Amino acid sequence: MQTTRSTTVRRSSLAPLAAFAAGLAFQGVANANILNNPGFETATTTTVSNVLGNFTGFQGIWAPEMGSITTATLGVTPAAGARMLGMTNDGLTATQSFQAVDVTAYSALINSGTATMNASALFNTNGGYTGAQGSIVVQFFTAASYGSLIGNSGFGSLALDANPLSWETNSVSSAIPVGTTWMLFQVAYGNASIGNNTGFVDNAFLEIVPSPGAIALLGLGGLVGRRRR
Ligand SMILES: [Ca+2]
Ligand SMILES: [Ca+2]
């Protein structure tokens with residue numbers, strides 16, 4: 001179940017037509033969740049070193065630094081389905097989980113310089129404390145290797161409430177650099193903020209869509225062109 005992702009997009013009056021045209025151009029690839037096992041319903045995980053060292057061989061498999069995919073525990077019930085991801089303090093700065101995604105199917109859109117990625121997930125912790133810091137970040141690569149990193153989305157972060165019955169939505173959007181062929185989706189909790197507690201994640205989501213701004217500009221450009229003629 002995809003919930004309450006909030007996107008604030010300013011559209012010109014031309015946007016609906018332009019968006020329709022862009023939708024036709026990229027039909028079949030837009031508006032799909034490109035993560036594998038986004039709801040953590042399959043319990044299989046792998047190691048972070050496997051994923052970061054071999055995008056191709058371990059693509060689509062969640063890799064928690066410290067944690068596992070679990071059923072309901074510690075008073076927390078999965079937001080959807082029977083399972084969720086649980087992460088615990090790994091002793092460093094943040095406890096992170098990764099999934100590598102091959103995005104070469106989107107190369108035409110990405111290399112047009114007008115691709116946006118929208119990422120989100122639900123976060124929750126066991127009760128009794130406040131201020132757990134949950135984050136999402138997506139990194140961009142030009143090849144199937146960590147060394148080809150060319151940018152990242154910046155962090156979408158939020159401080160969680162103390163209620164284990166409420167799942168809170170975290171999201172981040174950014175332009176996708178031209179040349180991107182692989183993306184690394186990451187969810188994380190600040191270790192200092194969770195202490196000996198567990199940070200949970202469910203309903204992870206990642207999509208690649210035409211940039212709303214680029215669509216609006218295309219629409220305006222078309223209008224100006226017609227007026228000049
Ligand atoms: Ca789930
Ligand atoms: Ca909560």
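**View 1. Trp182 and its ring partner Phe55.** Trp182 is buried, with 6% of relative accessible area, in this predicted model. Phe55 is buried as well, at 0% relative accessibility. The ring centres of Phe55 and Trp182 lie 5.8 Å apart and the planes meet at 45°, so this pair counts as tilted. Since Phe55 belongs to helix α3 (residues 55-58) and Trp182 to strand β10 (residues 182-190), the contact ties together parts that are 127 residues apart in sequence. Step back a little and a cluster appears: ring pairs link Phe55, Phe141, Tyr146 and Trp182. The count of aromatic pairs in the model comes to six. If you would like to describe such contacts yourself, a pair of aromatic rings is described by the distance of the centres and the angle of the planes.

**View 2. The site of the calcium ion (ligand 1).** Which protein atoms are the donors of the calcium ion (ligand 1)? They are Gly39 (O), Glu41 (OE), Ala80 (O), Arg83 (O) and two OD atoms of Asp202, at 2.3 to 2.8 Å from the ion. Angles among the six donor atoms run from 48 to 160°, and the site is irregular. For orientation, ideal angles are 90 or 180 degrees for six octahedral donors. Along the chain, the donor residues of the calcium ion (ligand 1) follow the spacing G-x1-E-x38-A-x2-R-x118-D. Within this set, Glu41 and Asp202 link distant parts of the chain, 161 residues apart: Glu41 sits in the loop between α1 (15-25) and α2 (48-53), and Asp202 in strand β11 (residues 199-210). Is each of these two acidic residues buried or partly exposed? Glu41 is partly exposed, with a relative accessible area of 33%, whereas Asp202 is buried at 0%.

**View 3. The site of the calcium ion (ligand 2).** Here the donors are Asn124 (OD1), Asp161 (OD), Asn163 (O), Ser166 (O), Ser166 (OG) and Glu168 (OE), at 2.4 to 3.0 Å. Ser166 thus appears with both its O and its OG atom. The six donor atoms make angles of 64 to 151°, and this site too is irregular. In sequence the donors are spaced N-x36-D-x1-N-x2-S-x1-E. Two of the donor residues are worth a look for their accessibility: Asp161 is partly exposed at 28%, and Asn163 is partly exposed at 34%.

**View 4. The five-stranded sheet around β11.** The strands of this open sheet run in the order β2-β3-β11-β5-β9, with antiparallel pairing. Its edges are β2 (67-70) and β9 (168-175), each of which pairs on one side only. On average, neighbouring strands are turned by 30° against each other, direction ignored. Strand β3 (residues 84-87) pairs with β11 in the antiparallel sense over three bridges, and Met87 stands opposite Gly199 in β11. Also in strand β11 is Val209, a buried residue with a relative accessible area of 10%. Its C-alpha atom is separated by 6.3 Å from that of Met117, although the two residues are 92 apart along the chain.

**View 5. Strand β8 and its neighbour β6.** Strand β6 (residues 133-141) and β8 pair in the antiparallel sense over four bridges. In this pairing, Ser135 stands opposite Ser157 of β8. Which residues form the covered face of strand β8 (residues 156-159), and which the uncovered one? Gly156 and Leu158 make up the covered face, while Ser157 and Ala159 make up the uncovered one.

Conventions: Residues are numbered from 1 along each chain as its sequence is written. Chains are lettered from A and ligands numbered from 1 in the order in which they are written. This is a predicted model: local features need pLDDT of at least 70, side-chain atom pairs count only at pLDDT 80 or more; totals for chains, interfaces and linings use all residues. Side-chain values use heavy atoms; hydrogens and water are left out. Donors are N, O and S atoms within 2.8 Å of the metal (3.2 Å for Na, K and Ca); water is not among the atoms, so sites may look incomplete. Four donors count as tetrahedral if all angles lie between 85 and 135 degrees; four count as square planar and six as octahedral if opposite donors are over 155 degrees apart and all others between 65 and 115; anything else is irregular. Helices (H or I, at least four residues) and strands (E, at least two) are DSSP runs, numbered from the N terminus. Buried means under 20% relative accessible area, exposed over 50%, partly exposed in between (1.4 Å probe, protein chains only). Two strands pair if DSSP finds at least two bridges between them. Rings of Phe, Tyr and Trp (its six-membered ring) pair if their centres lie within 6.5 Å; planes under 30 degrees apart count as stacked, over 60 as edge-to-face and the rest as tilted. Axes are lines fitted to C-alpha atoms, for helices over the stretch in contact, and angles run from 0 to 180 degrees between N-to-C directions.
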